[in-house]
Amino acid sequence: MAAFCRARELGAWHFWWWKKRITETTGLEAKTIHRLLGIDPGTGRFSRNESNTLACGLLVVDETSMVDVPLMHSLLRALPNRAGLVLVGDVDQLPSVGPGTVLQDLIGSGVVPVVRLTEVFRQAADSHIITNAHRIRRGQMPDMRGSDPSSDFHFVERDDPERIAATLVKLVRERIPERFRLDPIRDVQVLCPMNRGSLGVRELNTSLQKVLNPARPGQPAVERFGWRFQTGDKVIQTENDYDKDVFNGDVGIVERIDAVEQLVAVRFDERLVKYDFGELDEISLAYAITIHKSQGSEFPAVVIPLATQHYMLLQRNLIYTGITRGKRLLVLIGQKKALGIAVRNDRPQRRYSGPLANLKGKKGTGGSAVESKTASQSRVAPASI
């Protein structure tokens, strides 16, 4: 028996689509790692471990670059000794939020067999998003020659932050919806390198809320924790809530605000989730979110502002991750200098953790305890896509 799991929850609709595709293709149910391991909302502990292992002969994990050391440790504890493990992920994306660089360490150890998917097939070669993502991954500037309106990749050059912000708002509100027939709230996602600053998440959310869902007389609204929430607002869950069955990264729409009951109801795909006013620190506006928060999700259209004010976070893996979130359209707005800094900067902050040293120490030992658990007989195959 095989099992499929994912490193994290996507936005509600994206996870539902991914799960449906896996089930249709394989006939097997797909889950997140936390669900697979049986998370206890009260204690945060998993019911699956070496005493209560998973019922599978093969486990396939997607988005492994997002798995941190503690979660991988818990997963391997629950994996039967005779089970195979296939890890799929993109090592060039941002690392996990939690400690370690599990996928990178596994690949760099030389202990496990690795398959790299490097060929761009014909149907993908027509996508400038994909071809430019590969260029950025190799340290090359994206191809920005010409202005073919049918292209799925665009760079709009603006020099100062005020013009970048104004152009971004106009693109999201008017030009992208009109040209590509996309809903500006549900289909277009702004991804920012940072939370703070004039081009950060907070400022852009305020600006976009004013034009995409302006306050109207009599419209229910509530102000809590630095945000004003109104019916029709796009919001994102910012932490896992197992009692409500909503997870960090889920994106929904505010459907109802009840001032008498002090409740806010948010529609996540087919589910309506209710929050007390005192629980609204679990959500924030989501017209703009950070690139870090978007990892593991995808959107019909993505707009990314770039300026040298983001200097501390301008790294190749950040831009690469942001660009690869777009399915039909990707628009970069800002300074070519900032883009150049990011593409050239392939020196992300180094992380120190034990797995790499331990794995290298086991290399060539002919089957140690670590090897037999994770890599015996070539059963573990991290694939960097």
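# A guided tour of the model

Start by selecting L191 and look at what surrounds it: apart from its neighbours within four places in sequence, L191 is in contact (heavy atoms within 4.5 Å) with I289, T290, I291, S294, F299, V302, V303, I304, P305, G322 and R325. This is a predicted model, in which local features need pLDDT of at least 70 and side-chain atom pairs count only at pLDDT 80 or more, while totals for chains, interfaces and linings use all residues. Residues are numbered from 1 along each chain as its sequence is written, and side-chain values use heavy atoms, with hydrogens and water left out.

**First stop: around L191**

With L191 still selected, colour residues 188–192, which make up strand β7, the strand that holds L191. Helices (H or I, at least four residues) and strands (E, at least two) are DSSP runs, numbered from the N terminus. Is L191 buried or exposed? L191 counts as buried because its relative accessible area is 0%, where buried means under 20%, exposed over 50%, and partly exposed in between (1.4 Å probe, protein chains only). Now add I304, one of the contact partners of L191, and note that the C-alpha atoms of L191 and I304 are separated by 5.1 Å although the two residues are 113 residues apart along the chain.

**Second stop: helix α11 and its cover**

Select residues 336–344, which form helix α11, and within this helix pick out A338, L339, G340, I341, A342 and V343, which are buried. The elements that cover these buried residues include α6 (128–137), β6 (153–157), β16, α10 and β17 (326–334), and you can show them one after another around the helix. Strand β6 deserves a closer look, because 4 of its 5 residues are buried and it is therefore largely enclosed by the rest of the structure. If you display β6 together with β17, you will see two strands that run parallel and are joined by 5 bridges, and strands are said to pair if DSSP finds at least two bridges between them. To find one particular point along this pairing, select F153, whose bridge partner in β17 is L330.

**Third stop: helix α4 and the residues after it**

Next, select residues 102–109, which form helix α4 and include S109. In this helix V102, L103, D105, L106, I107 and S109 are buried, and since 6 of the 8 residues of α4 are buried, it is largely enclosed by the rest of the structure. S109 itself has a relative accessible area of 2% and therefore counts as buried, and its side chain reaches the backbone nitrogen of V111 at 3.1 Å. Between those two residues, just after α4, G110 takes a positive phi of about 75 degrees.

**Fourth stop: salt bridges**

How many salt bridges does the structure hold? There are 10 salt bridges in the structure, each being a side-chain nitrogen of Lys or Arg within 4 Å of a carboxyl oxygen of Asp or Glu. Show R77 and E50, whose side chains meet in one of them at 2.8 Å, N to O. R77 lies in helix α3 (residues 69–78) and E50 in the loop between α2 (33–36) and β3 (58–62), so this pair ties together parts that are 27 residues apart in sequence.

Then move to R137 and D92, whose side chains form a salt bridge at 3.9 Å, N to O. Because R137 lies in helix α6 and D92 in the loop between β4 (84–89) and α4, the pair ties together parts that are 45 residues apart in sequence. R137 counts as partly exposed at 27% relative accessibility, and D92 is also partly exposed, at 26%.

Finally, select D241, K244 and E279, which are linked in a network of salt bridges. Within this network, the closest N and O atoms of K244 and D241 are 3.7 Å apart. K244 is buried, with a relative accessible area of 19%, and D241 is buried as well, at 9%.

**Last stop: the surface around M312**

Select M312, which is placed in the loop between β16 (299–306) and α10 (316–323). M312 counts as exposed because its relative accessibility is 69%.

To close, zoom out to the whole protein, which has 13 helices and 18 strands, and in which 50% of the 385 residues count as buried.

Methods:
A polar contact is a pair of N or O atoms within 3.5 Å; within protein, one must be able to donate a hydrogen and the other to accept it, and residues adjacent in sequence count only if both atoms are side-chain atoms.
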